[in-house]
Structures are given as C-alpha cells and as structure tokens.
Amino acid sequence: MCAVSASMLDENSLVIAISDSGATREILDAVTIARKNRVAAICLTTNRHSPLARMCDDVLITASSGMNISERSEEVRLSQYLIVDTICSYIRSITDQTGQ
C-alpha cells in the first residue's frame, strides 16, 4: 500500500517516513519509489545510520530512555507522533498564510 501511494507523488510532495529501526522493507521500498519521482523525504527513526536515514533529505532521531523493548516502543511511537503532529501543524500554518 505504501508503494502505491508513493508512486502517485511528485516533486511538489513531501514524504514523512517513520521506522523505528530504519530498515522496514515496506517503508524503504516506498521511499525508494518516491525518491525516483524527486519527492523530498524526511524520516523519523532511532537509528541515524540506517538505510532509511541514508535515503532521506533530513533525519529526525527519536530516542528512548532505554527501558525494556515493549515500553521503549510505546515511548518511541509517542515521540514520533508528536513530531509528525508538529510538522503537520507547521505546514498547515504556512498553508493558511500563503493560501496555497
């Protein structure tokens, strides 16, 4: 499904890819397709040296407190949601100002 969505994007689009490991195959495939269409890409990951991080224009690193794996994944997911919400709010504010 991600790959189909990515194939419909163009150079006026932005991909925000989220992968804790930065190595999720479905996400990597979708970003690869988007990048072939000259789409800008930002990723959120805990692994700054991941394949996903190397593919994207900008990398936002999410960290955790180092708890056990189940608590850590919830903590990372929550921080990623907060970052995506902030990015979307920013884009919305610019869109409202410019009318585009």
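The following conversation concerns a predicted model, with its sheet, one helix, a salt bridge and the largest pocket as topics.

Trainee: Let us start with the sheet. In what order do the strands lie, and is the pairing parallel or antiparallel?

Mentor: The sheet is open and has 3 strands, in the order S1-S2-S3, with parallel pairing. From one strand to the next, the twist averages 15°.

Trainee: Which strands stand at the edges?

Mentor: Those are S1 and strand S3, which covers residues 58-61. Each has a single partner strand, so one side of each is left without a neighbour in the sheet.

Trainee: Over how many bridges do S1 and S2 pair?

Mentor: They pair over 5 bridges, in the parallel sense, and S2 spans residues 40-45. Within S2, Ala41 is the residue that stands opposite Val15.

Trainee: What does H2 touch?

Mentor: Helix H2 packs on the sheet, where it touches S1 and S2. The direction of H2 makes about 165° with that of S1.

Trainee: A change of topic, then. How many salt bridges does the structure hold?

Mentor: There are 3 salt bridges in the structure. One of them joins the side chains of Arg25 and Asp29, at 3.2 Å from N to O. Side chains of opposite charge can pair when their charged atoms come close.

Trainee: How are Arg25 and Asp29 placed along helix H2?

Mentor: They are 4 residues apart in helix H2, which means that about one helical turn separates them.

Trainee: Now the largest pocket. What is its volume, please?

Mentor: The volume of the largest pocket is about 150 Å³. Its lining includes Cys2, Leu9, Val15, Ile27 and Ala34. Helix H1 (2-7), strand S1 (14-18) and helix H2 (25-36) are the elements that give two or more residues to this lining.

Trainee: Which element gives the most to the lining?

Mentor: H2 does, with 4 residues.

Trainee: And what classes of residue make up the lining?

Mentor: The lining has 10 nonpolar residues and 1 polar residue, with no charged residues.

Note on methods:
Residues are numbered from 1 along each chain as its sequence is written. This is a predicted model: local features need pLDDT of at least 70, side-chain atom pairs count only at pLDDT 80 or more; totals for chains, interfaces and linings use all residues. Side-chain values use heavy atoms; hydrogens and water are left out. On a 1 Å grid over the protein atoms alone, a cavity is a set of points where a 1.4 Å probe fits but cannot get out, and a pocket is an open set with protein on both sides within 12 Å along at least five of seven lines; lining residues have an atom within 4 Å of a point. Grid points are joined across faces, edges and corners, and a volume is the space filled by probe spheres set on the points. Ala, Val, Leu, Ile, Met, Phe, Trp, Tyr, Cys and Pro count as nonpolar, Asp, Glu, Lys and Arg as charged, and the others, Gly among them, as polar. Two strands pair if DSSP finds at least two bridges between them. Axes are lines fitted to C-alpha atoms, for helices over the stretch in contact, and angles run from 0 to 180 degrees between N-to-C directions. Contact means heavy atoms within 4.5 Å. A salt bridge is a side-chain nitrogen of Lys or Arg within 4 Å of a carboxyl oxygen of Asp or Glu.
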